[in-house]
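Okay, thanks everyone. I'll put something up on the screen, so have a look at it and then I'll talk you through a few things.

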Amino acid sequence: MRPTFAIFVMLPDGHPFWIESVEKLEDARERLREVARNAPGDCFIYSAKSGVVELIIHSVLRERLSPHSSPVLQKQQAS
């Protein structure tokens with residue numbers, strides 16, 4: 001089977017940068033989460049078969065959900 005889901009990171013200049021392609025959507029979602037932890041910008045999965053962006057992880061949302069950026073979670077961890 002040929003890879004049908006491509007994982008991309010958006011560069012600061014607004015151009016997508018291809019990371020890798022995988023066969024299954026669930027594998028692409030898992031890999032996207034890994035890539036998003038260290039990516040400088042938004043990340044997304046593109047379906048070559050349908051031509052649709054399947055999932056986007058926005059860098060702003062990722063920062064808000066990070067335990068290191070939340071004062072409430074930092075307070076809980078310190079207790």
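So, Val53: its relative accessible area is 40%. Buried would mean under 20% and exposed means over 50%, so Val53 goes down as partly exposed. And just to be clear, what you're looking at is a predicted model.

Where does Val53 sit? It's in strand S4, which covers residues 53-57. It also has partners on the surface: together with Tyr46 and Ile56, Val53 makes a nonpolar patch of about 240 Å².

Now, the other patch I wanted to show you is a charged one. Glu23, Glu26, Asp27 and Glu30 gather on the surface, and that patch carries negative charge. Let's pick out Glu26 from that group. You'll find Glu26 in helix H1, residues 25-38. Is Glu26 buried or exposed? The relative accessibility of Glu26 is 52%, and the cut-off for exposed is over 50%, so Glu26 counts as exposed.

Okay, let's zoom out to the whole protein. If you trace the chain, you'll pass through 3 helices and 4 strands. Starting at the N terminus, the order goes β-β-α-β-β-α-α.

How much of the protein is buried? Of its 79 residues, 25% are buried. The accessible surface adds up to about 5,800 Å², and carbon and sulfur atoms account for 57% of that.

Last thing, contacts. Take the ones between residues at least 6 apart in sequence: 32% of those join residues that are at least 24 apart.

That's it from me, happy to rotate the view if anyone wants another look.

Notes: Residues numbered from 1 in each chain as written. Predicted model: local features only at pLDDT ≥ 70, side-chain atom pairs only at ≥ 80, totals over all residues. Heavy atoms only, no water. Patch = residues over 30% accessible without salt bridge, like charges linked within 9 Å, V, L, I, M, F, W, Y side chains within 5 Å. Areas by Shrake-Rupley, 256 points an atom, 1.4 Å probe, with all protein chains shown as cover. Salt bridge = Lys/Arg side-chain N within 4 Å of Asp/Glu carboxyl O. Lys, Arg positive; Asp, Glu negative; His and termini not counted. Charge placed at Lys NZ, Arg CZ, Asp CG, Glu CD. Helix = DSSP H or I, 4+ residues; strand = E, 2+ residues; numbered from the N terminus. Buried < 20%, exposed > 50% of the residue type's maximum accessible area, 1.4 Å probe, protein only. Contact = heavy atoms within 4.5 Å.
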